[in-house]
Structure formats: C-alpha cells, structure tokens
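Okay, thanks for making room for me on the agenda. I'd like to walk you through one model today, so let me put it on the screen.

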Amino acid sequence: YVADAHVPLHTTKNYNGQLTNQRGIHAFWESRLPELFSENYDFFVGKARYIADPLSYAWKVVGESFAAKDSVLLFEAELNQRFSSDRKYSYENRGASVMRVYSEDYSTEYNKMLDGMVERRMRAAIIGAGSLWFTAWVNAGQPDLSRFLHRKISPQTEQELIEEEKIFEQGKVKGRICD
C-alpha cells in the first residue's frame, strides 16, 4: 500500500480525471509514461534503511503524493489545450488488438513538464517498500532467513515454471501469482 501511495492520483477522489474531464490520466501517468521512458530510469536506489515510525512515514508519503497531484492534473490540462486530439492520441498494436493510446509526442511533452516526477515517485516507492520490509524484519528480531536462500525445486515444478514463462512471453498472462 505504501508503494502504491506514491502515485499522486491515488490520493484524490479525482483519481482518473473523471471530475476534470481528463479520463484516462491515471493510466497515462502510471503506465504509459513508464512504458515509454522507464528504460532511462535509474532504479538503483541504495540500501534500505530503518524507519522508526512506519505510520508517520506512510502518512508523509501520502502527503507528498497529494501535494504532487495538482501538477499531474494541471500540466495535463494545459498540454491538452495545445494539442489537437489527432496529435494527442495514436493507435498501437497491443497483442491481437489495436488500442488508442496517448501519442509519443504528447507523452514526451507531458513527461518534460513533470520534470522527472514519475521516476522520482517510482524510486521513492522502491526505497520505501524495501525500507519497510527491512524495518519489519528488524522489528521481528532479525530472524535468520538463510534457509530460504537455497530452496530446491522439484524437476516437475521447474518444468511448470518453464511452461508458465512460455505462456507469459506469448502475452497470454498479464500477471503472476506467487506462492
């Protein structure tokens, strides 16, 4: 939840622009921009750190995200005024479907206006989640986790994983359930 709280639109009832005629902005910010630009993001955020007060930390994250939501909405509204709909959207093949998406030009301009916000929020989510996991481990008395390092899986399970990977690569599965 705390990682998800790093998304500014998750802190407002106008989470998908439905109140400001900006429907689809949630997926635009959270999916389309990373899809286009995350290859250049730096996801190496350093070591997790102990968080003395996790609840205060979580509310701090929510506050920071809430403060950023105005930029997310206002910049897109401003950009929308400068782009005609034939330039704002394009169509891309997605598997067996053709989907309307925000154009690369529109996305690039919006990403520039946000000045790295998506990457910064993703980086903060990564270090935040890792730090909370570390904090939970410390608070649990730092139990020995080494027994989990060299788990052997049966050949049958290994074959199942290989088959699952093939299905995933074919685009027939969008997510995974881990045990």
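Before we look at any side chain, one cut-off: I call a residue buried when its relative accessible area is under 20%, exposed when that is over 50%, and partly exposed in between, using a 1.4 Å probe and protein chains only. Now the small print. This is a predicted model, so local features need pLDDT of at least 70 and side-chain atom pairs count only at pLDDT 80 or more, while totals for chains, interfaces and linings use all residues. Residues are numbered from 1 along each chain as its sequence is written, and side-chain values use heavy atoms, with hydrogens and water left out.

How confident is the predictor, then? pLDDT is its confidence in each residue, on a scale from 0 to 100. The chain averages 90, and 92% of its residues reach 70 or more. The stretch to be wary of is residues 175-179, where pLDDT stays under 50. Counting a contact as heavy atoms within 4.5 Å, the model has three contacts beyond four places in sequence for that stretch.

Let's move to salt bridges, meaning a side-chain nitrogen of Lys or Arg within 4 Å of a carboxyl oxygen of Asp or Glu. Searching the whole structure turns up 11 of them. When I say helix or strand, by the way, I mean DSSP runs numbered from the N terminus: H or I with at least four residues for helices, E with at least two for strands.

One of the salt bridges joins Asp42 and Arg123, at 3.6 Å from N to O. Asp42 sits in the loop between α1 and α2 and Arg123 in helix α5, so this pair ties together parts 81 residues apart in sequence. Both ends are partly exposed: Asp42 has a relative accessible area of 37%, and Arg123 has 26%.

Another one is Glu64 with Arg121, at 3.7 Å, N to O. Here the partners are in helix α2 and helix α5, so parts 57 residues apart in sequence get tied together. Which end of this one is buried? Arg121, at 11% relative accessibility; Glu64 is partly exposed, at 34%.

Then there's Glu92 with Arg94, whose closest N and O atoms are 3.0 Å apart. Glu92 is partly exposed at 21%, and so is Arg94 at 29%. These two also belong to a network of salt bridges that links them with Arg32 and Glu35.

Since α5 keeps coming up, let's stay on that helix. Helix α5 covers residues 117-139, 23 residues in total, and reaches 32 Å from its first C-alpha to its last. The expected span is 1.5 Å times one less than the number of residues, and for α5 that gives 33 Å, close to what the model has. Its buried residues include Met117, Val118, Ile127, Gly128 and Leu132. What covers them? Among the elements doing that are α1 (25-37), α2 (54-82) and α4 (104-114). Just after α5 comes Gly141, with a positive phi near 95 degrees.

Next, the rings. Rings of Phe, Tyr and Trp (its six-membered ring) pair if their centres lie within 6.5 Å; planes under 30 degrees apart are stacked, over 60 edge-to-face, and the rest tilted. That rule gives eight aromatic pairs. Take Tyr89 and Tyr102: their centres are 5.2 Å apart and their planes meet at 35 degrees, so the pair is tilted. Tyr89 is in strand β1 (residues 89-94) and Tyr102 in strand β2 (residues 97-102), 13 residues apart. Both are buried, Tyr89 at 17% and Tyr102 at 8%. They're also part of one aromatic cluster with Phe28, Phe83, Tyr106 and Tyr110.

Charges show up over rings as well, which here takes NZ of Lys or CZ of Arg within 6 Å of the ring centre and within 35 degrees of the ring normal. Arg100 lies over the face of Tyr89, 3.7 Å from the ring centre. Lys69 has its charged end over the ring of Phe66, 4.4 Å from the centre.

Last stop, Asn111 in helix α4. Is that residue buried or exposed? Asn111 counts as buried, at 19% relative accessibility. Leaving out residues up to four places away in sequence, Asn111 touches Leu33, Phe37, Tyr41 and Gly116.

That's my tour, so over to you.

Note on methods: pLDDT = per-residue confidence, 0-100.
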